[in-house]
Amino acid sequence: MATLINGRFLAKPPSGVTLVARELTRALLGEIAALPPHARPRIDFAAPEGYAPPLPAGFSLEAHQDWLRLVPGPGSIPQEQMLLPQARGAQRVLNFCNVAPVLASRLTVWIHDAQVFDSPDSYSPAFRLYAQSMMQAMRLRRAEIATVSAYSKSRLVAHGFAAERISVVLNGGDHLQQTPPDDAALARHGLSAKGYAFMVGSRARHKNIPFAVQALLEGGPQDLVIAVAGLHQAGSYAGDALPPHPRLRLLPRISDGEMRALMRGARFVLCPSLEEGFGLSAAEALWEETPLGLSERAALPEVGGEAALYFNPQDARAIGEIGHRLCADDVRSMLKQKARLQKSRLTWQTAARTTLERFLWRGEVPIM
């Protein structure tokens, strides 16, 4: 019996969650293809009309049709909930984006965090109700849960999920390495190499972007521009706007090549979240070996390890001081060296292998 991958993420607006789905799918297909033929689990990928699964470099669908099949998939919430379980029967359904078809008989769901419970004011009332209801449905159905950090697991347990049904699958951070940096992006956005601090975050209140920007503008190095990406991310977020400032650059939606160039060109990357299930921008910065300042809260210490400096995200003075420390040559050199070790823990290949070992069966025998 095949495992069905729910491909509705392909039709959703880009976000951190859909990035995880894309990269994990790509790495998972690559890892399965590398197995001996007799050990490969059968995969049905349910793709919405007009979309194809993300594939590893050099991967041919025709060459792997003995274990990988494309089937019609959902492009909307109603299709996901009503059509997918009926169309595919009692197969295991693998869902990477927080939600799943509730009526499917065997569910594995990536729930990335518990922020709709822990930071409810970050979301619109309608989205909050939908997301909380979906998570509670997964809990009551006793779905197998994957989450992206030990911290996120602890918060799901605090909200009633059974610890023994939750596995931690750390995200990777190496996806930008597949794309050449678009070095012209700095000039297009009015930035110069090592002349700016970089932040990535949505408008959600728990991302804490406005407070951190103001603290860094007032108390951080005064020669630095502050560049912020991600505020245009689609989603039902509730948060404060950023007032204009001559040293503030609010960036539009950017490509992977632009993101990589902006990560590597920054004097440092700052992640000031109050709540974070993982912290993809922190992992991306580690892979560029850019000095990294992280909130001491939530999952960020798991991601940064010893390769970051930490601060209280609600202390404006601490944020300003961390900005100065991240400009010191000895600190920068130390963090660069530690990043080389820390980033090796955060690869999509590792995430795919963990997924294979914990969730994909051939018959009833886990593939190890």
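How many cavities of 30 Å³ or more does the count come to? The count comes to two. The structure on display is a predicted model, and this tour visits both cavities and then two helix crossings.

**First stop: the largest cavity**

Select N6, R8, F9 and K12, then add E80, N95, F96, C97 and V99; these residues line the largest cavity. The space they enclose has a volume of about 50 Å³. Colour the selection by residue class, and the lining divides into four nonpolar, two polar and three charged residues.

**Second stop: the second largest cavity**

Select next D113, A114, Q115 and D118, together with Y151, S152, R155, E275, E276 and G277, which line the second largest cavity. Two elements each give two or more residues to this lining, namely α3 (115-118) and α5 (150-158). Of the elements, α5 gives the most, with three residues. The volume here is about 40 Å³. In the same colouring, the lining shows five charged, three polar and two nonpolar residues.

**Third stop: α7 and α11**

Move to residues 209-219, helix α7, and residues 316-325, helix α11. Their axes come within 8 Å and cross at roughly 60°. Angles from 65 to 115 degrees count as roughly perpendicular, and those under 35 as roughly parallel; α7 and α11 are therefore oblique to each other. The crossing of α7 past α11 is right-handed.

To display the contact, show the side chains of F211, A212, A215 and L216 along with G219 in α7; across from them, in α11, are A316, I319, G320, G323 and H324. This contact of α7 with α11 comprises six nonpolar and four polar residues, with no charged residue.

**Fourth stop: α8 and α9**

Finally, select helix α8, residues 256-265, and helix α9, residues 280-288. Their axes come within 9 Å of each other, with a crossing angle of roughly 70°. That angle makes α8 roughly perpendicular to α9. Here too the handedness can be read from the view: α8 passes α9 in a right-handed crossing.

Which residues of α8 and α9 meet? On the α8 side, select M259, R260, M263 and R264; on the α9 side, select S281, E284, A285 and E288. By class, the contact of α8 with α9 holds four charged, three nonpolar and one polar residue.

Definitions and conventions
Residues numbered from 1 in each chain as written. Predicted model: local features only at pLDDT ≥ 70, side-chain atom pairs only at ≥ 80, totals over all residues. Heavy atoms only, no water. Axes fitted to C-alpha atoms, helices over the stretch in contact; angles between N-to-C directions. Helix = DSSP H or I, 4+ residues; strand = E, 2+ residues; numbered from the N terminus. Parallel < 35°, antiparallel > 145°, perpendicular 65-115°, else oblique. Left-handed = near helix turned anticlockwise from the far one by under 90°. Contact = heavy atoms within 4.5 Å. Nonpolar A, V, L, I, M, F, W, Y, C, P; charged D, E, K, R; others polar. 1 Å grid on protein atoms, 1.4 Å probe; cavity = no way out; pocket = protein on both sides within 12 Å on 5 of 7 lines; lining within 4 Å. Points joined across faces, edges and corners; volume = space filled by probe spheres on them.
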